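Open the model in your viewer and keep the sequence panel beside it. We will go from stop to stop, selecting as we go.

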Amino acid sequence: MNIFSQIEKALANKLPFVVYSKPNSTTIKGWFQNNVDLYTSENYNESGFIFAPFNDKNPSVLIPENQSLFTQEEINIDNSLITSNNFDIDYSSEKNHTQLVQKGIDAIENSLFKKVVLSRKEEIEIERFKPLETLKKLLNTYPTAFVYLWFHPKVGMWLGATPETLVKINDDMFSTMSLAGTQVFNNSVKATWQTKEIEEQQFVTDYITDKLSKVCNTVNTSETKTIKAGNLLHLQTVIAGQKNVDNSVLIKTLHPTPAVCGLPLEPSKKFILEKENYSREFYTGFLGELNLKKTSELFVNLRCMKVKDNTATIFVGGGITKDSNPKKEWEETVAKTNTMKNIL
């Protein structure tokens, strides 16, 4: 495939690029920057591919449309490349994570916030990492996700397969989603959801619709349904309407979402930055096409990893409410690490 040859060439020359496939699409797209400059964006007014961190106080990286070659082609992945590897569960971080979750529960009981999303990272040593083969595994394994491989020599390499849309904007119309609740897929999407998960989903939906109603002409919500992402199930509600503000205002209104931060936003974000004891970097940030022919399509950066030398860093987390159980929250992060470990 021509696009994979372009990836190899860009990696050999250490030039920035991103290749990606949108959910339920058979097309792979790529932006290949023609220099090594690090372009950033603060107000999301530029055109190109944006890669934004969780902490919106840090700059977002832009692969600019006017400094890049765009290409796309149909995907035809060789299934023989798809293999599964078994990695041991890393129990070394169990104590720290369950203690962190308990601190979150205590803070909720003390009325600091209603919900907080707490995460951890897990580092895995790998031999001779093969970006192209890993990308092909992601594309084959997660056809309903936004799958990507992103590289900048001054930032690093990231890959992911995320099920969550931050926002789609077409002229003055937009759509977004609230996504919460997680359970392992057991051959059926007819899942039974607990009160904690249903409540968490409603928290997220109410919060987003309330914030959007202040900057949009109309805001409508769909019925909540169960969706499948890899080996996991989630609750999803689609929220759509008409905006009356610039794209930058809408994006900043939505990011970070309660699904990756908490409710209310500011105290939960403060708790995360103070208590998680590591930098999420681009995990739970967002990425995607920005201002291309009056259209933007951005995704929350979940189910992702950073690769440096022979180490893959996987990032996982979960929403914490007053009914959360620290042990079960730990087990949920283990299920989520398996999503990414299976393609290494």
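Select Glu42. Is this residue buried or exposed? Glu42 is exposed, because its relative accessible area is 64%. Keep in mind that you are looking at a predicted model. Now trace the chain around Glu42: the residue sits in the loop between strand 3 (39-41) and strand 4 (48-52). Add Ser222 to the selection. Glu42 and Ser222 are 180 residues apart along the chain. Draw a line between their C-alpha atoms, and the viewer should show a separation of 32 Å.

**Next stop: Gly160**

Select Gly160, which lies in strand 9. With 0% relative accessibility, Gly160 counts as buried. Which residues does Gly160 touch, leaving aside those up to four places away in sequence? Highlight Leu138, Phe146, Val147 and Tyr148, then add Arg303, Cys304 and Met340. Now pick Ile314. In sequence, Gly160 and Ile314 are 154 residues apart. In space, their C-alpha atoms are 9.7 Å apart.

**Next stop: helix 3**

Select residues 131-141, which form helix 3. Which residues of this helix are buried? Colour Pro131, Leu132, Thr134, Leu135, Lys137, Leu138 and Leu139 to see them. Then show what these buried residues pack against. Two of the partners are helices: helix 1 (2-13) and helix 7 (326-341). The others are strands: strand 1 (17-21), strand 2 (27-33), strand 8 (146-152) and strand 9 (156-162). Strand 9 is where you found Gly160.

**Next stop: helix 1 against helix 3**

Keep helix 3 on screen and add helix 1. Two packed helices are described by the angle between their axes and the distance between the axes. For helix 1 and helix 3, the axes come within 10 Å and cross at roughly 140°. The two helices are therefore oblique to each other. The crossing of helix 1 past helix 3 is right-handed. Show the side chains at the contact. Helix 1 supplies Phe4, Ile7, Glu8 and Leu11. Helix 3 supplies Pro131, Leu132, Leu135, Lys136 and Leu139. Sort these contact residues by class, and you get 7 nonpolar, no polar and 2 charged.

**Next stop: helix 4 against helix 5**

Select residues 195-213 for helix 4 and residues 247-254 for helix 5. At what angle do their axes cross? The answer is roughly 150°, with the axes coming within 10 Å. That makes helix 4 roughly antiparallel to helix 5. Helix 4 passes helix 5 in a right-handed crossing. Now show the residues that meet. From helix 4, pick Ile208, Lys211 and Leu212. From helix 5, pick Leu250, Thr253 and Leu254. This contact divides into 4 nonpolar residues, 1 polar and 1 charged.

**Last stop: the cysteines**

A disulfide is a covalent bond between the sulfur atoms of two cysteines. How many disulfides does the structure hold? The count is 0. Select Cys216 and Cys261 to see one case. The cysteine sulfur closest to that of Cys216 belongs to Cys261, and at 20 Å it is too far for a bond. Cys216 is buried, because its relative accessibility is 8%. Cys261 is in no disulfide either. For Cys261, the nearest cysteine sulfur is that of Cys304, 16 Å away. Cys261 counts as buried too, with a relative accessibility of 0%. Cys304 has already appeared on this tour, among the residues that Gly160 touches.

Notes: Residues numbered from 1 in each chain as written. Predicted model: local features only at pLDDT ≥ 70, side-chain atom pairs only at ≥ 80, totals over all residues. Heavy atoms only, no water. Axes fitted to C-alpha atoms, helices over the stretch in contact; angles between N-to-C directions. Helix = DSSP H or I, 4+ residues; strand = E, 2+ residues; numbered from the N terminus. Parallel < 35°, antiparallel > 145°, perpendicular 65-115°, else oblique. Left-handed = near helix turned anticlockwise from the far one by under 90°. Contact = heavy atoms within 4.5 Å. Nonpolar A, V, L, I, M, F, W, Y, C, P; charged D, E, K, R; others polar. Disulfide = S-S within 2.5 Å. Buried < 20%, exposed > 50% of the residue type's maximum accessible area, 1.4 Å probe, protein only.
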